[in-house]
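Thanks, everyone. I'll keep this brief. Please have a look at the model on the screen.

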Amino acid sequence: AQHLELDGEHADALALYESVGTMPGDEAGPALTEPQAAECAAGLARTCLRLGDVGRGRRLARERQNPKLARECAEILAGLGHAREAAAFFELAGEHDAAAEIYLGLKDLAAVTKALPRVVSRALCARCGAFYEGEGLFRQAEEAYGRGGDRRALIKLYLYRLRDPQQAFALLRRTGTSDGASLIIDYCVEHARYAEAVEFLLREGQERRAFDVARSHACLNVYVAAVGDELVPARAVQIARYYERERDDWESAGTYYLRAGHYTPAMRAFLKGGAEGLDRAIEVVGRARDDDLTDELMDHLSGAADGRAREPVYVYRLYLALDRRKDAADTAAIVADQEMEEGNYRVAHEMLYTIVRKLEDGGDGVPKRLRDRFVLLHSYELVKICVAFEEHENAARLLLRIAPRSDLFPRHRAKILISAVIQCQRAGLKKSAYEWARRLCSDDACRPDLDASPYKKKKILAVVRRPDLDERPERTTPCPLSGRPGP
């Protein structure tokens, strides 16, 4: 029967299969063994299908539940044009990819949806995605494209079907693939999303086009951020000229000239930016260490260039940038006095602290005038902390250091003296409290501040009227350097 089937004699093979299957057994055993009976049933199913008895053939094949037979029947049915029945037998045989491919050909949406979770072929999953997309089922298409790894189709789906470009951008950033990058770039340019266009052009290595897009559409900041440390000097100069000639953005122009190492145009660009650019111009000169550039900036700061002298603090910062510590120290003393006159004690303190540290670190001596100013300002800052923690004796001792030079604090002289009296009184320094209370009351310049606080005035007058000259000496400790006792 099998030979007849192989020779295409299906009718004769069928008859023989049927006669063999009905042969009676004898005392020695059954006519057919179990494997032979299975082969006979399989042959019956195949020949029935080939002879057009599809119903019987299908029934016989299903009864056997044999994957090999199911695959053979599927191939026979597919050849006879019974596509749907063939797909069912492919599923029975575990050939889900073959079944899904037939369902796709039939455009059977329900069957494709049912078969898809068991499909292994990525290419077939992608084809299912295209089928779903054609049916308008975009979310199902998204899942199928994802399983198929067809990133280009998925990106196109996000851009033009789901109207969700952010998902497309995120996918490209996450995977780092070039698949679909050109779609995203074209989309960004078409929809005026130039920042993203620049980003993805750079990802694709299209640096020149990225620069042209960024320059044409005012998003060079995106280009620079994406390029990072790889920005070459020639490109930095082009960016600087763009900001200088087309945007009148002097700070940005100076920044990119500086990044390119072009110090002279960088400094001049910063100077054109007004007062806001002076510190950056000083930074440029500090890097360049060029005498001609230093002289040009100094002329600008002194007013020799335009007749408008800038504040001395900028000269001080220039000396610091050039590491000319002694010149910086002389200028710092002048600037600190100006700041103290304006009542900007913290600014003056920070400036003097910086220059004192620079001089000490460089092995240079600190001028006495400069150190005295710093000690006064540092004491003034410490008083606030001591008062806040109710350390009255420490506050009083610090104020006694400041009080004789209170003329250097013209805007707060009276308040300093009033505080000195009150803190001395609280700390038990009666003699010092009396002496400064008497000076305070006899100072006409301090009277308005004293009259403005009747409660404090009453206490200070009481100190003057009932003097108590008892006062314990200040505690001393050995100096860590010389060993001499000191406060």
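Let me start at one small spot. Gly343 has a positive phi, about 85°. Gly343 sits just after helix 23. This is a predicted model, by the way.

Now back up into helix 23 itself. Helix 23 covers residues 325–341, which is 17 residues. How far apart are its end C-alpha atoms? They are 24 Å apart. At 1.5 Å a residue, the helix should span 24 Å, so the two values agree.

Which residues of helix 23 are buried? Early on, Ala328, Ala329, Thr331, Ala332 and Ala333 are among them. Further along, the buried set includes Val335, Ala336, Asp337, Glu339 and Met340. And what covers them? The cover includes helix 22, residues 312–321. It also includes helix 24, at 345–361, and helix 25, at 368–388.

Stay with Asp337 for a moment. Its relative accessibility is 17%, and the buried class ends at 20%, so Asp337 counts as buried. The side chain of Asp337 meets that of Arg369 in a salt bridge, 2.6 Å from N to O. Arg369 is in helix 25 and Asp337 is in helix 23, so this pair ties together parts that are 32 residues apart in sequence. Buried or exposed, what about Arg369? Neither: at 43% relative accessibility, Arg369 counts as partly exposed.

There is another salt bridge at Arg325. Its partner is Asp323, with the closest N and O atoms 3.1 Å apart. Asp323 is partly exposed, at 40% relative accessibility.

Next, the far side of helix 25. Phe389 is in the loop between helix 25 and helix 26, the latter being residues 392–402. Is Phe389 buried or exposed? Phe389 has a relative accessible area of 62%, so it is exposed. Together with Leu382 and Ile385, Phe389 makes a nonpolar surface patch of about 300 Å².

On to charges across the whole structure. Side chains of opposite charge can pair when their charged atoms come close. How many salt bridges does the structure hold? There are 32. One of them joins Arg84 and Asp108, with the closest N and O atoms 2.4 Å apart. Arg84 belongs to helix 6, residues 83–92, while Asp108 is in the loop between helix 7 (96–106) and helix 8 (109–115), so the pair ties together parts 24 residues apart in sequence. Arg84 is partly exposed at 43% relative accessibility. Asp108 is buried, with a relative accessible area of 18%. Elsewhere, Arg173, Glu199 and Arg203 are linked in a network of salt bridges.

Now the whole chain. The chain has 30 helices and two strands. Of its 487 residues, 40% are buried. Take the contacts with a separation of 6 or more: 45% of them come from residues 24 or more positions apart. The accessible surface is about 26,700 Å², and carbon and sulfur atoms account for 48% of that.

Last point: confidence. The average pLDDT is 87, and 90% of the residues score at least 70. Where does pLDDT stay under 50? Over residues 23–29. For that stretch the model has four contacts beyond four places in sequence. Where pLDDT is low, the predicted coordinates should not be read in detail.

That's all from me.

Note on methods
Residues numbered from 1 in each chain as written. Predicted model: local features only at pLDDT ≥ 70, side-chain atom pairs only at ≥ 80, totals over all residues. Heavy atoms only, no water. Helix = DSSP H or I, 4+ residues; strand = E, 2+ residues; numbered from the N terminus. Expected span 1.5 Å × (residues − 1). Buried < 20%, exposed > 50% of the residue type's maximum accessible area, 1.4 Å probe, protein only. Contact = heavy atoms within 4.5 Å. Patch = residues over 30% accessible without salt bridge, like charges linked within 9 Å, V, L, I, M, F, W, Y side chains within 5 Å. Areas by Shrake-Rupley, 256 points an atom, 1.4 Å probe, with all protein chains shown as cover. Salt bridge = Lys/Arg side-chain N within 4 Å of Asp/Glu carboxyl O. pLDDT = per-residue confidence, 0-100.
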